[in-house]
Amino acid sequence: MGCILVIAAENSDENRVSPGERYAKTYEINMLRCIFCGYCEDACPVQAIVLGPEYELSDTSREKFIYTKEKLLEPLPPDVQARLDSKSKDSK
Ligand code: SF4
């Protein structure tokens with residue numbers, strides 16, 4: 001088992017998550033296996049993965065080292081969110 005688990009799902013007209021044909025329904029990083037090589041950051045075509053300064057990790061259970069999509073997602077910077085909001089208003 002590797003450091004990243006990705007389970008893909010198909011986009012559909014009823015449930016479009018991303019512009020492509022498929023999206024990562026499950027995306028988890030096992031931080032106990034991560035060696036901070038940066039390959040995931042290099043491989044991502046849309047710069048969605050960015051390694052940060054956190055590297056001294058400790059916790060009370062192994063499960064807490066499984067970083068899910070929800071845990072990995074950062075809120076959008078305010079200026080980017082404002083642009084997206086204005087685009088969605090323009091398209092209505
Ligand atoms: S930095 Fe390297 S080891 Fe860590 S999750 Fe990305 S590809 Fe895996």
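# Exercises on a predicted model

Glu 70 is found in helix H2, which covers residues 69-72. Helices (H or I, at least four residues) and strands (E, at least two) are DSSP runs, numbered from the N terminus. Residues are numbered from 1 along each chain as its sequence is written. The model is predicted: local features need pLDDT of at least 70, side-chain atom pairs count only at pLDDT 80 or more, and totals for chains, interfaces and linings use all residues.

**Exercise 1.** Determine whether Glu 70 counts as buried or exposed, and state the distance between its C-alpha atom and that of Tyr 27.

*Solution.*
- Step 1. The criterion is the number of other C-beta atoms, placed from the backbone, within 10 Å of the residue's own: 20 or more for buried, 12 or fewer for exposed, and partly exposed in between.
- Step 2. Glu 70 has 7 C-beta neighbours inside 10 Å and therefore counts as exposed.
- Step 3. Tyr 27 is 43 residues away from Glu 70 along the chain, and their C-alpha atoms are separated by 9.2 Å.

**Exercise 2.** List the secondary structure elements in order and assess the overall spread of the protein.

*Solution.*
- Step 1. The protein contains three helices and three strands.
- Step 2. Read from the N terminus, the elements follow the order β-β-α-β-α-α.
- Step 3. The radius of gyration (over C-alpha atoms) is compared with the globule rule, 2.2 Å times the number of residues to the power 0.38. The value is 16 Å, well over the 12 Å that the rule gives for 92 residues, so the protein is more spread out than a compact globule.
- Step 4. Along the principal axes, the C-alpha atoms fill a box of roughly 45 × 30 × 25 Å.
- Step 5. Of the 92 residues, 2% count as buried.
- Step 6. Contacts require C-beta atoms, placed from the backbone, within 7 Å. Among contacts with a separation of 6 or more, 38% come from residues 24 or more positions apart.

**Exercise 3.** Describe the sheet: which strand order does it have, and which strands stand at its edges?

*Solution.*
- Step 1. Two strands pair if DSSP finds at least two bridges between them.
- Step 2. The three strands make an open sheet with the order S1-S2-S3 and antiparallel pairing. Strand S1 (4-10) and strand S3 (66-67) are at the edges with a single partner strand each, so one side of each has no neighbour in the sheet.
- Step 3. Seven bridges join S1 and S2 in the antiparallel sense; one pair of opposite residues is Ile 4 and Ile 29.
- Step 4. Strand S2 (residues 22-30) pairs with S3 over two bridges, also antiparallel, and Asn 30 stands opposite Ile 66.
- Step 5. The number of buried residues among the seven of S1 is zero, so this strand lies largely in the open.

**Exercise 4.** Place Ala 9 in its surroundings: which residues does it touch, leaving out those up to four places away in sequence?

*Solution.*
- Step 1. Ala 9 belongs to strand S1, and its bridge partner in S2 is Tyr 23.
- Step 2. Under the sequence restriction stated, Ala 9 touches Arg 22, Tyr 23 and Lys 25.
- Step 3. Ala 9 counts as exposed because it has 12 C-beta neighbours inside 10 Å.
- Step 4. Gln 81 is 72 residues from Ala 9 along the chain, with 26 Å between their C-alpha atoms.

**Exercise 5.** Compare the span of helix H3 with the expected value.

*Solution.*
- Step 1. The expected span is 1.5 Å times one less than the number of residues.
- Step 2. H3 (residues 78-90) has 13 residues and reaches 18 Å from its first C-alpha to its last, close to the 18 Å expected.
- Step 3. The number of buried residues in H3 is zero, so the helix lies largely in the open.

**Exercise 6.** Identify the residues around the ligand and examine the backbone of Phe 36.

*Solution.*
- Step 1. A residue is near a molecule if its C-beta atom, placed from the backbone, lies within 6 Å of it. The residues around the ligand are Cys 3, Ile 4, Ile 29, Cys 34, Ile 35, Phe 36, Cys 37, Gly 38, Tyr 39 and Cys 40.
- Step 2. Ala, Val, Leu, Ile, Met, Phe, Trp, Tyr, Cys and Pro count as nonpolar, Asp, Glu, Lys and Arg as charged, and the others, Gly among them, as polar. The shell divides into nine nonpolar, one polar and no charged residues.
- Step 3. Phe 36 lies in the loop between S2 and helix H1 (39-43). Its phi is positive, about 60°, although Phe 36 is not a glycine.
- Step 4. With 11 other C-beta atoms within 10 Å, Phe 36 is exposed.

How values were computed: Contact = placed C-beta atoms within 7 Å.
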